[in-house]
Amino acid sequence: MAGCVSPADWGSVEFLDYSDCHRISPRPAHTGNRTLGWPPDALMEIDLGPPEPILQAFSQVTRLSQSVIERHTVVGANPGWLPEWVTLRTAAWNTTDHRLVLPAGVLFNVCPACLYEDSDKGCQFIRMKWLCAAMTICDEHLIPLSECFDSVDRALQCRHSPAGPRFSFRTRKGVLKIPFYDQRSSKMLALMGKFEQTVRLALTARSSTLGSTLGASVDEKLISVIEDLTWALLQMVGFDGTRLVHHFQTLPFPVPRGWRDLSPIETLSRADVSLRRSVLAVVACLLRPRQFAELARTAPRLCSPSPNSELLRCLGTTRANWLLSRAHRWPIAFREHMERAA
Ligand SMILES: [Zn+2]
């Protein structure tokens, strides 16, 4: 018998004392605590800065102290991710009203291979690192993370079988499956996966030095330059909603459909997983031209004699000047490259 997890079943989601993951306990859904009337959106909010009543409710459900629950939220464990480096629900452009829609809550991205391995061991975990906007490729399996439906109650299904209940995750393309990649794609994914891990580690390191008066660290400079290049790549450079990243996209990591719109997003947090990967791939090619030469060769503008000049030219004078005014925040080698390109 198959059934969806209803709001009353959120009692079956357990928060345990692990540093970076949430455990989903495969108990039968009907054993969930029905007295809480737990709204599904609560899970979308728990990882950000959950308000007191939600913390108290989770504390009751899990029988863990409130301070432990707080440590396992994004704001408690990785304050440096907020607000621009956590995966929030995707921005959407409402074409009728011509306005940007920004739904509340996080967006879950999951690695199918991790979840299948979890199932074999008896219980599944949602890793907190999957909520980091710098992570689009699993650091263990080096395959792309899949984006769940943008609401948890539609994304998470509990199926009962003779072996006991199992959770499965649904994506926009159906039930989550482990994809297969050829050797060349796997090589590119591994390369990009390593870059993403570097960025995530820099973000985590930055969390611990937030508010420090010692000046910008190497990690902080890396994050600053990536934020500024992301801003540039998400800028619209055509009346039809074409963004700069459309001109620079690489063949293995193309911009997904649907982003040639008028959403004025400027950070990765509101982009879907494929757009984030596209942007990060271009950023990696710009920052590490030697290491990413093979990837850059798949994008005509990135393998031109001066991709940095191309970027500034496509951006137009005003925005290029604004970008260059941020150069003091960047690593010195990249700053010099960009200033020479100007
Ligand atoms: Zn994995």
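Student: What is the mean pLDDT of the protein chain, and what percentage of its residues reach 70 or more?

Tutor: This is a predicted model, and confidence is the natural starting point. The protein chain has a mean pLDDT of 80, with 75% of its residues at 70 or more.

Student: Where in the protein chain is confidence lowest, and where is it highest?

Tutor: The lowest mean, 26, belongs to strand 1 (residues 2-4), whereas helix 9 (residues 244-248) has the highest, at 98. Throughout residues 1-38 the pLDDT is below 50, and this stretch has 80 contacts in the model beyond near neighbours in sequence. As a general principle, predicted coordinates should not be read in detail where pLDDT is low.

Student: How many helices and strands are there in the protein chain?

Tutor: The protein chain contains 14 helices and eleven strands. Of its 342 residues, 37% count as buried. Among contacts between residues at least 6 apart in sequence, 64% join residues at least 24 apart.

Student: How should I read the packing of two helices, for instance helix 8 and helix 10?

Tutor: One considers the angle, the handedness and the residues that meet. Helix 8 (residues 218-234) packs with helix 10 (273-287) at an angle of about 120°, their axes being 10 Å apart. Angles over 115 and up to 145 degrees count as oblique, and the two helices are therefore oblique to each other. The crossing of helix 8 with helix 10 is right-handed. On the helix 8 side, Val225, Ile226, Leu229, Thr230, Leu233 and Leu234 take part; they meet Val279, Val282, Val283, Leu286 and Leu287 of helix 10. By class, this contact comprises ten nonpolar residues, one polar and no charged.

Student: At what angle do the axes of helix 12 and helix 14 cross?

Tutor: The axes of helix 12 (residues 307-315) and helix 14 (residues 332-341) cross at roughly 60° and come within 8 Å. Helix 12 and helix 14 are therefore oblique to each other, and the crossing is right-handed. Here Asn308, Ser309 and Leu312 of helix 12 meet His337, Met338 and Ala341 of helix 14. This contact has three nonpolar, three polar and no charged residues.

Student: How is a single loop residue such as Pro254 to be read: where is it found, and which residues does it touch?

Tutor: One places the residue, then examines its surroundings. Pro254 lies in the loop between helix 9 and helix 10. Because it has 17 C-beta neighbours inside 10 Å, Pro254 counts as partly exposed. Leaving aside residues up to four places away in sequence, Pro254 touches Gln249 and Ser278. Pro254 and Ala281 are 27 residues apart in sequence, and their C-alpha atoms are 9.3 Å apart.

Key. Residues are numbered from 1 along each chain as its sequence is written. This is a predicted model: local features need pLDDT of at least 70, side-chain atom pairs count only at pLDDT 80 or more; totals for chains, interfaces and linings use all residues. Axes are lines fitted to C-alpha atoms, for helices over the stretch in contact, and angles run from 0 to 180 degrees between N-to-C directions. Helices (H or I, at least four residues) and strands (E, at least two) are DSSP runs, numbered from the N terminus. Angles under 35 degrees count as roughly parallel, over 145 as roughly antiparallel, 65 to 115 as roughly perpendicular and the rest as oblique. A crossing is left-handed if the near helix is turned anticlockwise from the far one by less than a right angle, and right-handed if clockwise. Two residues are in contact if their C-beta atoms, placed from the backbone, lie within 7 Å. Ala, Val, Leu, Ile, Met, Phe, Trp, Tyr, Cys and Pro count as nonpolar, Asp, Glu, Lys and Arg as charged, and the others, Gly among them, as polar. pLDDT is the predictor's confidence in each residue, from 0 to 100. A residue is buried if 20 or more other C-beta atoms lie within 10 Å of its own, exposed if 12 or fewer, and partly exposed in between; C-beta atoms are placed from the backbone.
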